[in-house]
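Get your viewer open and keep the selection box handy. We'll start with the whole chain and then zoom in, one stop at a time.

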Amino acid sequence: MRITERKREKGHLVRLKFDFGDDALIDLDIADSEGLRENTEISEEKLAQIKETSEYERAKSRALWYLDRADRTEKALYDKLVGARFDPKICARVLEKLVDLGLVDDRRYALNYSQRLFESNTSKRQIYYKLCEKGVPREIAKETVAQLPEDEAAQIRDLIEKKYKNKIKDKESIKKVYASLIRKGFSFGGVRAVLKEYEEELTYTFED
């Protein structure tokens with residue numbers, strides 16, 4: 001078959017039209033390197049190969065663009081590429097390559113993300129769920145959370161001081177704070193122990 005027209009398109013692409021009426025979008029650099037110009041003869045097999053190579057390079061370029069803006073898990077990056085309408089098989093190949101290069105690493109992502117959450121007083125239980133939501137495999141999420149410091153009481157105290165202290169005025173308000181902290185994923189015993197300190201302080205203040 002013969003190329004009857006070559007037209008530049010957006011996104012570093014060229015559209016090739018053929019004498020049998022079909023057309024194809026090819027990466028500009030690949031089209032140039034393969035010498036794809038008007039009146040060039042090309043077989044269907046060769047065109048299929050070039051189209052696959054083109055889509056792979058485009059998908060890889062898009063993946064690197066995504067990663068340049070934010071670190072992502074394998075699943076999150078795969079979903080972004082598929083959402084951008086790249087072929088799922090091509091997306092899988094791109095992810096395999098990026099993992100081999102160390103540019104995508106679920107364990108590294110989980111460690112960095114969980115540390116940020118922990119430092120902002122997010123409970124371990126919520127950290128686990130958030131990691132899973134980001135596409136971190138469950139086993140890696142469990143291992144990562146298990147490595148975090150055992151410092152729940154300090155997290156709860158810091159959270160109360162920053163967000164709830166002015167709300168603690170009586171036993172009823174303590175119950176509300178208790179319920180809120182439990183919803184955030186902290187343990188019943190941990191919340192109860194810390195709030196007991198505030199309850200005793202409140203009682204002492206009233207007696208004083």
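What percentage of the 208 residues in the protein do buried residues make up? The figure is 35%, where buried means under 20% relative accessible area, exposed means over 50%, and partly exposed is in between (1.4 Å probe, protein chains only).

A bit of housekeeping before you click. This is a predicted model, so local features need pLDDT of at least 70 and side-chain atom pairs count only at pLDDT 80 or more, while totals for chains, interfaces and linings use all residues. Residues are numbered from 1 along each chain as its sequence is written, and side-chain values use heavy atoms, with hydrogens and water left out.

**Stop 1: the whole chain**

Show everything as a cartoon. You should find ten helices and three strands; these are DSSP runs numbered from the N terminus, with helices being H or I of at least four residues and strands E of at least two. In sequence order the pattern is β-β-β-α-α-α-α-α-α-α-α-α-α. The radius of gyration is 28 Å, well over the 17 Å that the globule rule gives for 208 residues, so the protein is more spread out than a compact globule. (That radius is taken over C-alpha atoms, and the rule is 2.2 Å times the number of residues to the power 0.38.) Turn the C-alpha trace along its principal axes and it spans about 95 × 30 × 20 Å.

Now colour by charge. There are 43 positive and 42 negative side chains, and the centres of the two sets lie 4 Å apart. Lys and Arg count as positive and Asp and Glu as negative, with His and the chain ends not counted; each charge is placed at NZ of Lys, CZ of Arg, CG of Asp or CD of Glu.

**Stop 2: Y66**

Select Y66, which sits in helix 2 (residues 44-69). Y66 is buried, with a relative accessible area of 8%. Leaving aside neighbours within four places in sequence, Y66 is in contact (heavy atoms within 4.5 Å) with R72, L77, K80, L81 and A84. For a sense of scale, add K171: Y66 and K171 are 105 residues apart in sequence and 50 Å apart in space, C-alpha to C-alpha.

**Stop 3: two loops**

Most residues other than glycine have a negative phi. Go to R85, in the loop between helix 3 (74-83) and helix 4 (88-100), where phi is positive, near 75°. Then pick N121, in the loop between helix 5 and helix 6, with a positive phi near 65°. Which of the two is buried, and which is exposed? R85 is exposed, with a relative accessible area of 78%, whereas N121 is buried, at 9%.

**Stop 4: helix 6**

Select residues 124-133 and show the side chains of K124, I127, Y128 and L131, which are buried. They cover an arc of only 100° around the axis, which puts them on the same side of helix 6; the arc is that of the directions from the helix axis to the C-beta atoms. Their cover includes helix 5 (106-119) and helix 7 (138-146). Step past the end of helix 6 to G135, whose phi is positive, near 100°.

**Stop 5: helix 7**

Finish here with I140, A141, T144 and V145, which are buried. Looking down the axis of helix 7, its buried residues fall within an arc of 130°, so they line one face of the helix. That buried set packs against helix 5 and helix 6. Swing round to the other side of helix 7, and you meet R138 and A146, which are exposed.
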